[in-house]
Amino acid sequence: MARIEFRNIAKRFGDVEVIPGMDLDIADGEFVALLGPSGCGKSTSLLILAGIYLPSGGDLLFDGHVVNDVEAKDRNVGIVFQSYALYPHMTVRDNIMFPLRFKKTPRDEAIRRVNDAAALVQVGELLDRKPSELSGGQQQRVALARALVKQPQLLLLDEPLSNLDATLRLSMRTEIKSLQDELGVTTILVTHDQIEATTMADRIICMRAGRIEQIGTPDDLYDRPSSLFVAGFIGSPPINLVHGAAANNTVDVAGVPFPADGANGSITVGLRPEHLVFAEAGLPGRIAQIEPMGREVLYVVSTDIGYVRVLEQGSVAGHAAGEKVQIGFDPAKSLVFDATTEKLIDGAHVRPPA
Amino acid sequence: MSAAGTTDRTEAVNWDKLAARSRTVRRAKATGIYAFLIAVSVPIVLPYFWLVTIAFSAKTGVAETHVLWRSVIVLVPTMIGFWAAAMLARSRRQRWLGMALVAVAGLVAFLLLVGPSLHLENFIFLVEPDFASVLRSKVGTVSGAVQFPNVWHAFGNSILLAGTQTVIVVTVASLAAYYLSRFDFPGRGSMLRSLLVLHAFPVLTLIVPLFLLLYYIGLLDSLFGVILVLVAFELPFAIFIMKGFFDAVPWDIEMSALTDGASRRQAFLKVVLPQATNGILAISVFTFIRGWEEYIFVFTFLIRNTNWTMSLYMFYVREDVMGVDYGVVSAVGVFYLVPSLLLYMAAQRYLLQMSVGGVKG
């Protein structure tokens with residue numbers, strides 16, 4: 001198990017700067033998610049950790065020791081790729097045993113550890129099969145067993161659930177999480193799926209274009225997103241964002257005045273669909289579309305400030321399309337961002353129009 | 001009610017008619033295609049067929065072609081018989097039965113018409129190194145120009161040449177192709193392009209400079225010199241093929257091996273190379289056969305008869321005894337043909353894969 005530190009880690013490919021300089025601390029035994037859209041440098045960071053890529057600048061520390069020049073094979077890092085990357089010409093047993101071949105593990109112990117690892121991820125009865133004879137979920141488990149059999153000090157998961165179907169993804173999510181709890185191995189999950197990140201990780205590192213946008217617990221990122229980008233990335237269905245001009249404790253959004261506290265100048269207001277309710281008074285609108293989502297119903301409401309998404313609990317739609325409604329919300333849950341810096345303005349809130 | 005019934009009946013009749021018509025069309029098309037293929041294949045198959053027939057039937061000093069025509073009388077009706085059996089059969093069982101009948105009939109006819117003329121005397125060269133003198137003494141001529149080595153010596157030389165060349169080409173091509181596939185280095189693009197350009201040179205254009213080169217480095221009249229030249233000509237194509245196979249191996253697998261504790265070399269040998277086995281088999285077979293059939297370079301660069309390969313042996317047999325005994329020439333041809341034929345048949349599966357670009361099964 002290891003404590004990981006990034007000290008101003010940079011990575012360039014030719015003229016392309018993928019990571020301009022990244023600082024990061026990951027505690028021993030922590031489960032961290034690197035979250036961000038495609039091409040934000042999260043997979044690159046993972047490969048730097050694994051030792052596949054050398055950082056172009058900065059230092060990488062494992063337990064306080066600089067490991068920049070330590071080769072991948074000596075880092076004792078387990079990695080699970082999106083494609084699982086099982087060795088097609090080997091049986092499941094040989095796949096899982098592969099890392100042990102390079103550690104000069106005695107034969108008896110190697111076999112015992114392979115069996116243990118296989119049992120841990122419930123592939124014990126598949127040991128004599130070839131990867132091509134396994135389902136996606138089984139391949140995933142084998143890849144996990146192969147990563148865990150060497151008792152890595154660091155486990156890296158590169159979008160491990162993306163190739164699974166929805167049901168399997170849900171159960172693997174739980175399994176990986178409990179496995180990590182049990183083994184206590186420092187784990188870094190790379191994903192572009194915010195649900196995966198929020199459900200599995202202790203801490204989320206939200207990245208954008210090679211920079212860390214925000215680090216925090218899932219709740220931090222959801223309740224207090226530090227920037228517009230994080231607010232837009234976390235949450236499903238996505239947050240409602242409207243632009244306005246604030247002056248004299250009033251925000252003018254497309255001609256509709258919202259009473260406001262602590263905001264000035266050009267701002268962006270963020271309102272999460274689940275924080276909006278249909279009320280006696282508030283923003284007037286007309287329901288344009290209804291999307292039942294199982295135990296919630298999503299209403300798309302046409303208002304003077306544009307389409308607004310409102311999420312209501314309950315499996316049955318309580319309103320009909322075309323119905324005239326008023327939208328209200330708790331001011332404390334409204335988010336106000338500076339439109340130019342895109343940063344959250346602390347303590348600023350808007351209230352629904354009277 | 002009655003109106004609806006009428007409609008139903010008309011439609012039912014139409015369906016049957018359509019199905020019957022489509023069956024007829026399909027049958028007619030298949031018949032036509034197979035007839036065409038057989039017509040085209042006869043002139044392609046015939047020379048090989050005659051080669052074998054002559055090798056086993058011609059007699060020293062006798063030029064007679066009756067046996068060839070008799071064999072054609074057997075061959076062509078047999079092929080037409082196979083075709084007819086396949087076309088007329090109504091089920092798979094009938095087809096196999098028909099084909100078996102035709103095969104048996106063809107075999108019996110062959111034994112009756114050609115069988116009495118068959119003998120093994122033309123393969124005298126396998127046991128008698130100085131077979132040329134023996135043949136000439138039979139027809140009364142005694143002067144001969146060529147001193148033949150033992151055919152097994154030439155056979156061994158051919159194996160040595162093709163085998164060594166194959167080992168070198170496979171080793172170098174695998175390493176070079178892996179590097180070209182995985183590493184980005186200055187000049188990679190132009191290197192790939194020049195690989196193809198190198199292959200565009202007709203080999204004959206380089207015969208004179210290569211002769212001089214081998215002469216100056218002292219490898220003229222040595223098998224190793226020819227091997228080096230052949231390797232140089234075969235490598236570009238082999239590298240190109242192997243690069244395709246390595247390109248198809250995902251990066252993830254390699255990265256996985258590296259994090260699993262393998263060095264770059266171990267990852268290549270234990271994880272990447274096994275994925276390219278089919279490519280290695282394919283280029284091995286092609287390179288071996290290329291070396292086996294090599295004629296121009298061995299003819300130009302090898303002089304002593306102890307260095308002869310099978311192709312040179314064949315060439316001099318043709319030069320020396322063609323007028324005396326074309327049966328022996330054909331027999332040498334059959335002997336020369338068999339190894340590469342066997343190799344092709346054994347490796348067909350892998351060669352087919354190469355043509356579809358290294359798709360994994």
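The legends below describe several views of a predicted model with chains A and B.

**View 1. Chain A as a whole, with its helices, strands and overall extent.** Chain A of this predicted model contains 8 helices and 20 strands, and its C-alpha trace spans about 75 × 45 × 35 Å along the principal axes. Of the 354 residues of chain A, 40% count as buried. When contacts in chain A with a separation of 6 or more are considered, 64% of them join residues that are 24 or more positions apart.

**View 2. The two domains of chain A and an annotated stretch.** Chain A is divided into domain 1, covering residues 4-225, and domain 2, covering residues 237-350, and the centres of these two domains, taken over C-alpha atoms, are separated by 38 Å. An unreviewed UniProt entry lists residues 4-234 of chain A under "domain: ABC transporter". Over residues 4-234 the chain is 36% helix and 26% strand, and the C-alpha atoms at the two ends of the stretch are 25 Å apart.

**View 3. A cis peptide bond in a loop of chain A.** The peptide bond that runs from Ser236(A) to Pro237(A) is cis, and its omega is near 0°. Following the chain around this bond, one finds Pro237(A) in the loop between helix 8 (228-233) and strand 11 (240-247) of chain A.

**View 4. Two aspartates with positive phi, one in each chain.** Asp63(A) has a positive phi of about 50° although it is not a glycine, and its place is the loop between strand 4 (57-62) and strand 5 (65-66) of chain A. Is Asp63(A) buried or exposed? Asp63(A) counts as exposed, because it has 12 C-beta neighbours inside 10 Å and a residue with 12 or fewer falls in that class. In chain B, Asp221(B) also has a positive phi, near 60°, and is likewise a residue other than glycine; Asp221(B) lies in the loop between helix 7 (207-216) and helix 8 (223-247) of chain B. With 15 other C-beta atoms within 10 Å, Asp221(B) is partly exposed.

**View 5. Where chain A meets chain B.** In this contact, 16 residues of chain A are in contact with 14 residues of chain B. On the side of chain A that touches chain B, strand 6 (77-80) and helix 2 (92-101) each supply at least two residues. Sorted by class, this side of chain A has 12 nonpolar, 2 polar and 2 charged residues.

**View 6. The two domains of chain B and the contact between them.** Chain B is divided into domain 1, residues 24-119, and domain 2, residues 151-352, and 36 Å separate the centres of the two, taken over C-alpha atoms. The contact between them takes 8 residues from domain 1 of chain B and 8 residues from domain 2 of chain B. On the side of domain 1 that touches domain 2, the residues divide into 5 nonpolar, 2 polar and 1 charged.

**View 7. Helix 13 of chain B, a mostly covered helix.** Helix 13 of chain B, residues 310-321, has 12 residues and reaches 16 Å from its first C-alpha to its last, which is close to the 16 Å expected at 1.5 Å a residue. How many of the 12 residues of helix 13 of chain B are buried? The number is 9, and the helix is therefore described as mostly covered. Among the buried residues are Met310(B), Leu312(B), Tyr313(B), Tyr316(B), Val317(B) and Asp320(B).

How values were computed
Residues numbered from 1 in each chain as written. Chains lettered and ligands numbered in written order. Predicted model: local features only at pLDDT ≥ 70, side-chain atom pairs only at ≥ 80, totals over all residues. Helix = DSSP H or I, 4+ residues; strand = E, 2+ residues; numbered from the N terminus. Buried ≥ 20, exposed ≤ 12 C-beta atoms within 10 Å, placed from the backbone. Domains from an automatic or database assignment. Contact = placed C-beta atoms within 7 Å. Nonpolar A, V, L, I, M, F, W, Y, C, P; charged D, E, K, R; others polar. Expected span 1.5 Å × (residues − 1). UniProt positions renumbered as here; feature names shortened; annotations may be inferred.
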